[in-house]
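Me: I would like a close look at a single part of this protein, taken slowly and set in its surroundings. Please start from the chain as a whole and then work inward.

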Amino acid sequence: MTSRAADIAAEQAYFDTAAAHRDRRRDHLRQLPSAAAHSGAAAHLRRYAEDAQRALGAADEAVAFGRVDAEAGDSLYVGRHLIRDAEGEVLVVNWHAPAAAGWFAATPENPAGVRRKRAFTCTGNTIEELTDTILAEIAEAVDARLLAELARGRTGSMRDIVATIQAAQFALVRAPRDQVLVIEGGPGTGKSAVALHRVSWLLFNHREEMSAADVLVVGPHPTFVRYIGQVLPALGDDGVELRDVGRLGPDVPRGRTEPDGVARIKGEARMAGLLARALDARVGVPDPAERLLVGGRFVTLPGAQVAEALAAVRAAALPYAGRRRLLRDRLAALVTARTGVAGAGADAVGNLTERLWPQQTPTGLLRGLLGSTARLRAAAGGEFTAAEVAALHRRGADRLSRETWSAADLPLLDELAHLIDGPGRRYAHVVVDEAQDLSPMQLRAVARRSEGSLTVVGDLAQSTGSWARDSWDEVLAHLPTVHPATVTALRYGYRVPRQAYATAAPLLPVAAPGVAPVEVVRDGPAETGVHRVGLAELAGRAVAVAREHAEAGRFVGVVCPPRQRRPVEAALAANGVAWSSADRGELGGAVNLISPQEAKGLEFDAVVVVEPVEIVASDERGHRLLYVALTRTTGHLDIVCTGDPVPLDAPVRPRPPLVEPDVAFTRREAHRLAEHLAGQLRGAAPPAFWADVLAEIRELLPADGVSSGRPADD
Ligand SMILES: Nc1ncnc2c1ncn2[C@@H]1O[C@H](COP(=O)(O)OP(=O)(O)OP(=O)(O)O)[C@@H](O)[C@H]1O
C-alpha cells in the first residue's frame with residue numbers, strides 16, 4: 001500500500017467511526033420522545049430531538065471536510081456538524097465553533113500555530129482524495145480543493161462554500177456582530193456567499209440571544225432571492241426570512257411603470273416628510289360646537305374642549321392609528337362627563353372620531369395623495385418644486401382595488417404603513433445584498449426593520465439605475481447608526497475566469513474609475529468568443545451559441561438588452577429551444593433569458609451577452625451594466641454583437657431631466673388624444689396585440705421627452 005493509500009485508509013477508519021457515533025446519536029434521538037412521562041413532555045422532546053437530528057446533518061454526508069494539525073501535535077477534524085463519541089469526546093467539530101477557526105484562518109503568511117491542513121474530497125462518507133497543505137512549505141495559498149470546487153458546473157441555486165472559505169472571507173464571516181459591516185468587492189469575490197455564511201456563524205455563536213427567525217436577508221429581486229435560498233438551509237439554518245426589496249412592505253398588486261424621473265423623486269428621502277405631512281393633513285378641524293346624538297338627545301361638546309383633546313392627541317408619541325384610538329377615548333370621556341353615563345354615545349363618538357381623525361390605509365392614502373395636485377402641493381411643504389409636484393401627480397385607477405403600484409411606490413407604502421400602524425417587526429441581524437442600488441426610501445424600509453446590526457453587501461462598480469452610487473457614505477447615511485460602520489473589501493475573484501475578466505476589466509476605468517479590479521484566481525476553459533454579425537442575424541446567432549453550450553451540458557445565461565428581448569425569444573421559439581425567464585422568477589432551465597439588471601448577483605457556466613452597445617445605452621451607468629453582464633460566467637463567455645463587443649465610447653442613456661408640464665396641453669386634451677389613439681388601435685390591431693403595441697409605444701417614447709425615439713429594428 002502506498003503511503004497515500006495508507007493515509008486514506010487510516011482517515012477512512014476515523015470517518016467510519018465518527019459516522020457510527022453519528023448513527024448511534026441519531027437512533028438515540030429518534031427514541032427519545034417515547035421515553036417521555038406524559039404527552040406534553042413527549043411533544044417537547046420530539047421538537048428537541050428533531051432539532052438535534054437536524055444538527056447532525058444528513059445520514060450519508062461526509063463527517064468532515066478538513067483536518068487541522070497544530071504545531072503542538074494535536075489534530076482536529078472540521079465538518080458541518082458536531083459529532084461526539086459515547087463519552088462526549090469531540091470527534092468532529094462544527095465549522096462555526098471557535099475551535100474550528102484554525103482551519104479557515106491559517107494562511108502561509110500567518111499559520112497561527114497550524115502545521116498542516118488536510119482537505120477531504122468525498123462521495124458520501126467515502127474519502128476519494130485528500131489534499132495536504134503544509135503551511136510552512138508554500139508561498140501562497142493555492143488551494144486545489146477550492147479550484148476544483150470553483151470549476152464545478154452551476155445550477156439555478158447557490159451552494160454553500162463552507163469547506164473552502166478562504167481566510168480573508170472567514171475574517172468577515174466571524175467579524176463582530178454589533179456593527180454595520182459593508183462587504184464590498186468586485187464580481188465573484190464571494191460577497192453574497194460570505195454574508196450568508198456570516199448569518200450561520202452569528203446564529204451559532206450568538207445562539208443564546210438570537211434565532212434564525214431574528215434574521216432578515218434582503219435581495220434585489222425575486223430571482224436572486226430564490227437563487228440564494230438554499231444556502232442557509234444547507235448550513236442547517238432554517239427559518240431565516242429572505243425577501244426581495246420589493247416585498248418588504250404591504251402586499252399589493254404591482255407592475256405599474258412610470259418615467260425614471262418620477263421614480264427618482266419617489267426614491268428620495270424627502271418623500272418621507274411629504275408622506276408624514278400628507279397624513280397629518282387628513283386630521284380634521286372641530287366645529288365651534290360639536291353636537292352629538294346620544295340616546296335620542298343632543299349633547300353639545302364645546303369646540304374648544306374638542307380642539308384641546310385633538311391638540312393633545314396630535315402631540316402624543318404614537319403612530320397615526322394609535323392616536324386615533326386615543327382621540328376616541330378622549331371624546332368618549334368628554335361625552336361621559338356631559339351625560340354622566342359611562343360609555344354613552346359610542347356610535348356618535350365613533351362618527352366624530354372618523355370625521356376628525358379618519359381611518360387610513362397606506363394604499364388609500366397614497367392613491368388619494370398622488371391623485372390630487374392640491375394635496376401634493378400642500379404636503380410638499382416647500383421641499384418640492386412645482387414641476388416635481390406635477391411629475392408626482394397621476395390619475396389612479398377608478399377604484400382602489402384596481403390600483404397597481406410601481407416599484408418606487410412600494411417603499412412609500414411601507415413608510416405609510418409605518419406612520420399609520422407604527423413600528424413592525426425588527427430583526428437582530430439584517431443582510432442587505434446588492435445594496436449599492438437602493439434608493440434612500442428603500443434603505444429606510446430596510447433600516448426600520450433593523451436593530452442596528454447589519455451586513456451590507458455590494459460593489460460600487462456594479463451600481464446602476466436611478467440610484468447609482470459612487471460612495472458607501474451615500475448608502476450608510478440612511479442606515480441605523482446604533483453601531484459603528486466598517487467597510488471591508490474582498491480582493492480575489494473566485495467566479496470569473498481570467499479570460500472573461502480580461503474582457504470585462506477595460507470597462508472599469510470608464511465605469512468606476514475609483515474601483516480596483518479583482519485579482520482573478522483561475523483560468524477558464526476558453527477565450528472569450530466574439531461573434532460579429534449583421535442585425536438580422538443577431539438573435540439567431542445568440543440562440544445558436546446558447547444552444548451549443550446547453551447541448552454540452554452547461555447552465556447558460558443569455559443576457560439580453562430590452563430591445564433584443566423579443567427577437568431573442570422568437571429565435572428561441574423558432575429553434576425549439578426550451579428556456580426559463582428570470583422576469584418570471586424562473587432560473588433553472590438549461591437556457592435562461594435575463595435582463596442585464598436581473599443578472600446582478602447571478603452566475604452561469606456559460607454566458608452569452610447580446611449587443612453590448614444597447615446594454616450600455618440602456619442605463620445612465622451603462623458601462624457598469626455591461627461590466628455586470630460580462631462577469632456572470634464561471635466558465636465560458638460569448639459576445640454576440642453588430643459592432644464593438646466592449647464599446648468603451650458608446651453613449652450611455654442620458655439622465656432624464658424633469659420636464660415642466662406643457663401648460664398649453666390640458667388634461668382634457670390628453671383625454672381626447674387618448675380616445676383618438678385608442679380608436680386607431682382598435683381599428684388596426686386585434687385585441688390580443690393591444691398590450692404589445694402599447695408596450696412598444698412606451699419604448700419608442702424617450703424618457704426625457706426630448707431625444708428622438710429610434711424605431712424598432714425588427
Ligand atoms: N471560498 C470559496 N469557496 C468556493 N467557492 C467560492 C468561494 N468564494 C466564492 N465562491 C464562489 O464564487 C462565486 C461567486 O460568489 P458570490 O456570488 O458570493 O460573489 P459576489 O461577490 O457576491 O459576486 P457579485 O458581485 O457578482 O454578485 C459563487 O459561485 C461562490 O460559490
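Reply: Among the contacts in the protein chain between residues at least 6 apart in sequence, 74% join residues at least 24 apart. The model is a predicted one, and in it the secondary structure of the protein chain comes to 27 helices and 24 strands. Of the 714 residues in the chain, 41% are buried, and the C-alpha atoms fill a box of roughly 105 × 75 × 45 Å when this is taken along the principal axes.

The part to look at lies within a stretch that UniProt, in an unreviewed entry, lists as "domain: UvrD-like helicase ATP-binding", at residues 164-497. Over residues 164-497 the chain is 43% helix and 15% strand, and the C-alpha atoms at the two ends are 18 Å apart.

Helix α18, which covers residues 440-447, is the part I would single out, and it is mostly covered, with seven of its eight residues buried. The buried residues are P440, M441, Q442, L443, R444, A445 and V446. In an α-helix, residues three or four places apart point the same way, because there are 3.6 residues a turn. What covers the buried residues of α18 includes the strands β8 (215-219) and β14 (429-432), together with the helices α9 (260-267), α10 (270-280), α17 (409-421) and α19 (473-476).

Strand β14, one of the elements that cover α18, is itself buried at H429, V430, V431 and V432, where H429 and V431 point one way from the strand and V430 and V432 the other way. On the side of its pairing with β8, the two strands run in the parallel sense over four bridges, and V217 has V431 as its bridge partner in β14. Strand β14 is also joined by three bridges to β15 (residues 454-458), again running parallel, and here the bridge partner of V430 is L454 in β15. The chain crosses from β14 through α18 to β15, and this β-α-β crossover is right-handed.

From the helix, one can turn to the positions that UniProt lists as "binding site" in an unreviewed entry, namely G185, G186, P187, G188, T189, G190, K191 and S192. G185 has its place in strand β7 (residues 180-185), and it counts as buried because 25 C-beta neighbours lie inside 10 Å, where 20 or more are needed. Not counting residues up to four places away in sequence, G185 touches K191, D459, A489, L490 and R491. T189 lies in the loop between β7 and α6, and T189 is likewise buried, since 26 other C-beta atoms are within 10 Å. Leaving aside its neighbours within four places in sequence, T189 is in contact with L490, R491, Y492, G493, Y494 and V518.

The ligand completes the picture. Of the 23 residues around the ligand, T164, G190, K191, S192 and A193 come nearest, and the elements that give two or more residues to this shell are α4 (144-151) and α6 (191-205). By class, the shell has seven nonpolar, ten polar and six charged residues. G190, K191 and S192, which are among those nearest residues, also appear in the "binding site" positions that UniProt lists in its unreviewed entry.

Conventions. Residues numbered from 1 in each chain as written. Predicted model: local features only at pLDDT ≥ 70, side-chain atom pairs only at ≥ 80, totals over all residues. Buried ≥ 20, exposed ≤ 12 C-beta atoms within 10 Å, placed from the backbone. Contact = placed C-beta atoms within 7 Å. Near = placed C-beta within 6 Å. Nonpolar A, V, L, I, M, F, W, Y, C, P; charged D, E, K, R; others polar. Pairing = 2+ DSSP bridges. Right-handed = clockwise from strand over helix to strand, strands pointing away. UniProt positions renumbered as here; feature names shortened; annotations may be inferred.
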